[in-house]
Amino acid sequence: MKTPGIHCLIGPILLLCFASQSMALAKLKTFRMANTREIESLDPALADGNDANIIVRGLFEGLVSLDPKTLQPIPEIARSWTISKDGLIYTFQLDARAKWSDGEPVQADDFVFAWQRNLRPETGAFYSHHLKTVVGAKAEGNHTLVVTLGAPTPYFIELLSFPVFYPLPHLAIKKFGLRWTEPQNLVSNGPFRLREWKLKEKMTLERNELYRDPGQVKLDRVEIHPIEDPKTAWNMYQAGQVDWIRSVPPALRPRLKNHPEFHSSPVMNTVYLRLNTQGHALRDRRVRRALSMALDRKTLTERVMREGQLPAFGFIAKGIPGYPWRPLIEENIPRARNLLAEAGFPNGRNFPNMTLLYPSNPQSEKMALAISTMLKRALNINVSPSGRERGVFYDKLGHLRYDVARSDWTTEFNDPKSYLDKFTADNASNNLTGYADAEYQRRLEMASRIQEPSQRFSAFARAEQQLVVDDAVIIPLYFNVSSSLWKSHVRGLVDNPRLFYSLKSLSLGQDFRSL
């Protein structure tokens with residue numbers, strides 16, 4: 001947002017000019033938040049995780065979004081749409097007011113360009129596999145987009161809220177290439193635009209004056225601080241330097257649980273261990289099953305993590321209406337020892353030393369130490385914790401240079417396919433286990449073709465059984481909870497099980513005081 005022009009004269013009036021400037025700045029409605037890490041890119045195709053998605057949703061918008069209260073799709077650039085009787089053709093009418101921050105109109109071709117770009121392997125788009133539901137997209141004029149699906153997809157409208165489906169400014173990308181997301185080059189179409197990005201210090205967004213619906217934007221600026229340590233975030237919150245922290249130090253939670261600014265609720269986020277199925281010992285699914293059966297998830301959640309998490313005996317979290325959720329994994333140390341012996345490692349003898357890779361932060365470290373201790377006691381094997389900076393952590397995951405790795409997943413859309421598609425052979429950017437099983441792929445493809453809901457869910461449940469029990473590709477640990485603090489003057493911020501937050505929906509109440 002531009003500060004109102006103030007023309008200063010030399011002499012005594014200069015002091016009055018400075019005072020007027022300060023008053024104008026003080027009136028800015030600035031929301032300050034602590035993200036849990038620095039993000040890697042502002043490219044919607046490369047947005048990965050909640051920290052990135054919050055920012056990208058502020059800078060860009062797509063056909064639809066989700067209502068943070070209900071998690072139901074709501075129109076954004078798509079003012080309306082129709083669906084053919086066979087569920088294959090979607091026709092979207094676009095808002096003619098939509099513009100890029102450089103003044104160029106947002107048109108149907110921008111969606112076609114973006115989807116084609118994001119499907120190209122060299123783009124490296126996260127979640128590009130979702131675009132494979134689309135077999136055709138064409139612009140009919142500037143403001144009509146016609147999309148053809150390969151099969152009926154009941155969650156398709158909800159899926160469109162994901163950043164990989166956002167339009168992209170093709171003129172800016174063609175001009176700047178890979179540098180188009182640098183602060184001086186970035187062109188966006190959302191309620192905010194990038195003002196400044198000081199890496200690992202602060203990112204500042206400002207109101208986009210060219211946004212198609214300016215009356216919906218109540219904030220002038222948003223400041224995002226990347227703070228990995230919850231204690232540091234807590235100190236900033238206490239000092240009044242931020243209005244929202246998304247992670248509260250566990251030791252403080254008993255003291256804060258009744259405080260009106262503390263918010264905690266279950267989320268559809270599963271914390272689990274990835275297993276490198278190409279590793280020597282871990283190629284044997286008996287070994288993988290033994291590791292999963294040897295863990296005590298109740299002890300892990302109640303005595304180690306102590307944040308209200310629930311033990312996970314499957315991968316898919318509760319919350320999908322109609323899905324036949326049930327515990328799948330059996331915890332059985334004697335059986336785990338037998339499986340390990342059958343695989344050639346009786347009482348852990350000759351079992352190779354392994355590492356449990358995790359992103360360096362206090363909570364992941366606690367979890368890794370507990371898992372290491374449990375496996376040593378139950379199976380007499382050494383799986384040593386190994387914390388790494390996030391960049392190094394993800395590089396090792398991407399190149400399968402790990403044995404066991406801490407991971408987590410928040411569902412993208414309210415369907416079991418959101419969870420289970422991660423581990424197909426053609427989902428290389430998310431799989432990261434080396435697992436490629438034709439039967440698993442067949443189960444998912446079959447389930448996706450079934451239209452009757454209960455039969456469809458039953459087919460997905462069989463695929464989940466194969467993933468976490470029969471083949472034990474991953475080891476679910478617990479279902480997470482959110483814990484955050486936000487100031488009483490913050491309006492429009494709500495907890496929801498998908499951790500879906502919209503900066504556009506936020507405002508600051510009358511008790512807000514600008515710094």
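How many cavities of 30 Å³ or more does the structure hold? The count comes to three cavities of that volume or above, and since the model is a predicted one, what follows should be read as a tour of computed features.

Begin with the largest cavity, which has a volume of about 90 Å³. To display its walls, select Arg57, Gly58, Phe60, Glu61, Ser65, Glu76, Tyr166, Pro191, Phe500, Ser502, Leu503 and Lys504, the residues that line this cavity. Colouring the selection by class will show five nonpolar, three polar and four charged residues in the lining of the largest cavity.

Next, select arginine 246 and aspartate 51, whose side chains meet in a salt bridge with a distance of 2.7 Å from N to O. Arginine 246 sits in the loop between strand 11 (244-245) and helix 7 (253-256), while aspartate 51 belongs to helix 2 (residues 50-59), so this pair ties together parts of the chain that are 195 residues apart in sequence. The salt bridge is one of 28 counted in the model.

Turn now to the open sheet, where four strands are arranged in the order 4-5-7-6 with antiparallel pairing. Its edges are strand 4 (78-83) and strand 6 (134-139), each of which pairs on one side only. Looking along the sheet, one can follow a twist that averages 20° from one strand to the next. Select strand 6 together with strand 7 (residues 144-149), and the antiparallel pairing between the two extends over five bridges. Within this pair of strands, lysine 138 can be picked out standing opposite valine 146 in strand 7.

With the sheet still displayed, add helix 3 (residues 108-119), which lies across strand 5 (89-94), strand 6 and strand 7. The direction of helix 3 is at about 150° to that of strand 6.

The last stop is the second largest pocket, which encloses about 510 Å³ of space. To centre the view there, select Lys132, Thr133, Lys417, Asp421 and Ser448, which of the 23 lining residues are the closest to the centre of this pocket. Which helix should be shown alongside them, as the source of the largest share of the lining? Helix 15 (residues 438-449) makes that contribution, with five residues in the lining of the second largest pocket. When the whole lining of this pocket is coloured by class, the residues divide into seven nonpolar, nine polar and seven charged.

Notes
Residues numbered from 1 in each chain as written. Predicted model: local features only at pLDDT ≥ 70, side-chain atom pairs only at ≥ 80, totals over all residues. Heavy atoms only, no water. 1 Å grid on protein atoms, 1.4 Å probe; cavity = no way out; pocket = protein on both sides within 12 Å on 5 of 7 lines; lining within 4 Å. Points joined across faces, edges and corners; volume = space filled by probe spheres on them. Nonpolar A, V, L, I, M, F, W, Y, C, P; charged D, E, K, R; others polar. Pairing = 2+ DSSP bridges. Axes fitted to C-alpha atoms, helices over the stretch in contact; angles between N-to-C directions. Contact = heavy atoms within 4.5 Å. Salt bridge = Lys/Arg side-chain N within 4 Å of Asp/Glu carboxyl O.
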